[in-house]
Amino acid sequence: MELKDLRHFLAVARERTISGAADSLYLTQPTLSRQMMELEEELGKKLFIRGNRGNRKITLTEEGVFLRKRAEEVLALVARTEAEFLSRGEHITGEVTIGGGETDAVRVFARVMKKLNARHPQIRYRILSSNAEDAMEQLDNGLLDFGIFIDPADVSKYEFMRLRERYAFGVLMRKDSPLAASGAITPEQLAGLPLFCSKRELVEREFAAWMGDAYNRANILADYNLIHNVSLMVEEGLGYALCLEGAMHVTEDSPFRFRPLEPKMEAGVTVAWKKYQTFSRAAGAFLEMLRQETL
């Protein structure tokens, strides 16, 4: 399997027709169709469900969806490698890729980026929001330089550093909610209320321990991995969201209020990277500056 095969496969997956993909690649339809059949034969799997004469749209099989994900990762890694070699001049250039949970700890990264770019203005950044599982997979596959993980998170297989800052868990609610008058939220106050909770198993266990006996009366409406869409549901009055302090920027003018849990439930933030990682010059400079910032 060659990189060309992956690029052509992704074109078919994107265009959903052989004719459309062939036009975008400046190939003939028979040539592209033969390449895709040879790819299926090489892998021993059916990648496409081809439409009939009245509907020539192509649908990916389960194996096709898997290959699309892997092909995107492989080509992204190739592009990053090429860019790193091109950046090995006198000045530090290139891209630093950071991914993980949405948290107020990103302010630490912003300070590092600001200082680093004062010295090396040609460094660029790619910021990806994702849950812990996706960030770990991207780290493992070389698609991230650094992952941001909200504790509790098992990062034992990585090199890592913990930021000094700690953040309180609390409840995001509408500002006209009766709970907004409280200084902090107790387990009894949440019992029976419709809740949005993180789908991370470790967080769920800690929240259940915090709730104690009241957890038997908890009304978990839905779980989530990122807060933005859930915040819109909270704003519409659908429920309350358990989240980390700073996950949403809440001001006096915003439609939300954030109230911490009582007793306190807190989390730290960990930055992790692959063991024995050979960093690009840009990523290495970023890590050095991050260490200075967090001393």
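**Salt bridges in the predicted model**

The structure holds 17 salt bridges. This is a predicted model, and a few of its charged pairs are worth a closer look.

Let's start inside a single helix. Glu 38 and Arg 34 join their side chains in a salt bridge, with 3.9 Å from N to O. That just makes the cut, because a salt bridge needs the nitrogen to sit within 4 Å of the carboxyl oxygen. Both residues belong to helix α3 (residues 29-43), where they are four residues apart, so about one helical turn separates them. Glu 38 is partly exposed, at a relative accessible area of 42%, and Arg 34 is partly exposed too, at 43%.

The next pair reaches across the chain. Arg 70 makes a salt bridge with Glu 137, and their closest N and O atoms lie 3.4 Å apart. This pair ties together distant parts of the chain: Arg 70 sits in helix α4 (residues 62-86) and Glu 137 in helix α6 (residues 132-140), with the two positions 67 residues apart. Arg 70 has 29% relative accessibility, which makes it partly exposed. Glu 137 is partly exposed as well, with a relative accessible area of 26%.

Then there's Arg 174, which pairs up with Asp 176 in a salt bridge whose closest N and O atoms are 2.8 Å apart. Here the two partners fall into separate classes: Arg 174 is partly exposed at 31% relative accessibility, while Asp 176 counts as exposed at 52%.

Some salt bridges also share partners, and in this way Lys 69, Arg 70, Glu 73 and Glu 137 are joined into one network.

Note on methods:
Residues numbered from 1 in each chain as written. Predicted model: local features only at pLDDT ≥ 70, side-chain atom pairs only at ≥ 80, totals over all residues. Heavy atoms only, no water. Buried < 20%, exposed > 50% of the residue type's maximum accessible area, 1.4 Å probe, protein only.
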